[in-house]
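Trainee: Before we begin, could I put some questions to you about how certain labels in this model are justified?
Mentor: Please do, and let us take them one by one with the structure in view.

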Amino acid sequence: MKLAALELPGAFLIELEPHLDERGFFARTWCSDEFAAAGLPAQIVQTNLSQTLLRGALRGMHYQRPPSREGKVVRCLKGGIFDVIVDIRPDSPAFLRHLGVELTPLNRNALYIPPGFAHGFQTLEPESEVWYQMTDRYQPGLSGGLRWDDPALGIEWPLKPTTMNERDAAYPDLDRAELECFRGMR
């Protein structure tokens, strides 16, 4: 696998390096040694799977407040997603900048999302399935989120959202004071 640094500090695109033969291919999707060598968390403590039934459905923009150090490796196993991350670390040179990448079973890429980022995605295909590998356990009391259409973020989603849950739709406008807890996070 190749870890390709993205323009937001600490975020990486994970590209497979398949070994092909007449049967198909074999590829490594995770290596703690390679993550550690890149300065990334080298331990996965939880994995999650989500299925989203409708094309255009939106999940996010979620984050975990400190003391959580939740990083994520996100990969789309079925369907397709437009995956978006926002740097919410106030002392980062990329504070409030976002980027989006398309993750599909065909491109086989994954996205590493470091602690101190908000994350969400929109499904590009019906019945999309997303696999998450987490570097910290989910803690409901530390959950927060940004509004998916907050003008301060300027995220351009590829489709008009068809559905989202009430919590995601109800996140308030950006509150910079709320994000101060991420100061100093690397």
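Trainee: Where is the place of proline 67?
Mentor: In this predicted model, proline 67 sits in the loop between S6 and strand S7 (72-78), and the peptide bond that leads to it from proline 66 is cis, with omega near 20°.

Trainee: Which other residues does a cis peptide bond join?
Mentor: Glycine 60 and methionine 61 are joined by a cis bond with an omega of about 20°, and methionine 61 belongs to strand S6. Most peptide bonds are trans.

Trainee: Why is arginine 108 called partly exposed?
Mentor: Its relative accessible area is 36%, and partly exposed covers what lies between under 20%, called buried, and over 50%, called exposed; therefore arginine 108 counts as partly exposed. Arginine 108, found in the loop between strand S9 (98-103) and strand S10 (110-113), also has a positive phi of about 55° although it is not a glycine.

Trainee: What makes glutamate 127 count as partly exposed?
Mentor: The relative accessibility of glutamate 127 is 39%, which again falls between the 20% and 50% limits, so the label partly exposed applies. Glutamate 127 lies in the loop between S11 and S12, and its phi, near 55°, is positive in a residue other than glycine.

Trainee: What is the volume of the largest pocket?
Mentor: The largest pocket has a volume of about 490 Å³, and among the 25 residues that line it, Arg59, His62, Lys72, Tyr132 and Arg167 are the closest to its centre. Strand S6 gives the largest share of that lining, 5 residues.

Key: Residues are numbered from 1 along each chain as its sequence is written. This is a predicted model: local features need pLDDT of at least 70, side-chain atom pairs count only at pLDDT 80 or more; totals for chains, interfaces and linings use all residues. Side-chain values use heavy atoms; hydrogens and water are left out. On a 1 Å grid over the protein atoms alone, a cavity is a set of points where a 1.4 Å probe fits but cannot get out, and a pocket is an open set with protein on both sides within 12 Å along at least five of seven lines; lining residues have an atom within 4 Å of a point. Grid points are joined across faces, edges and corners, and a volume is the space filled by probe spheres set on the points. Helices (H or I, at least four residues) and strands (E, at least two) are DSSP runs, numbered from the N terminus. Buried means under 20% relative accessible area, exposed over 50%, partly exposed in between (1.4 Å probe, protein chains only).
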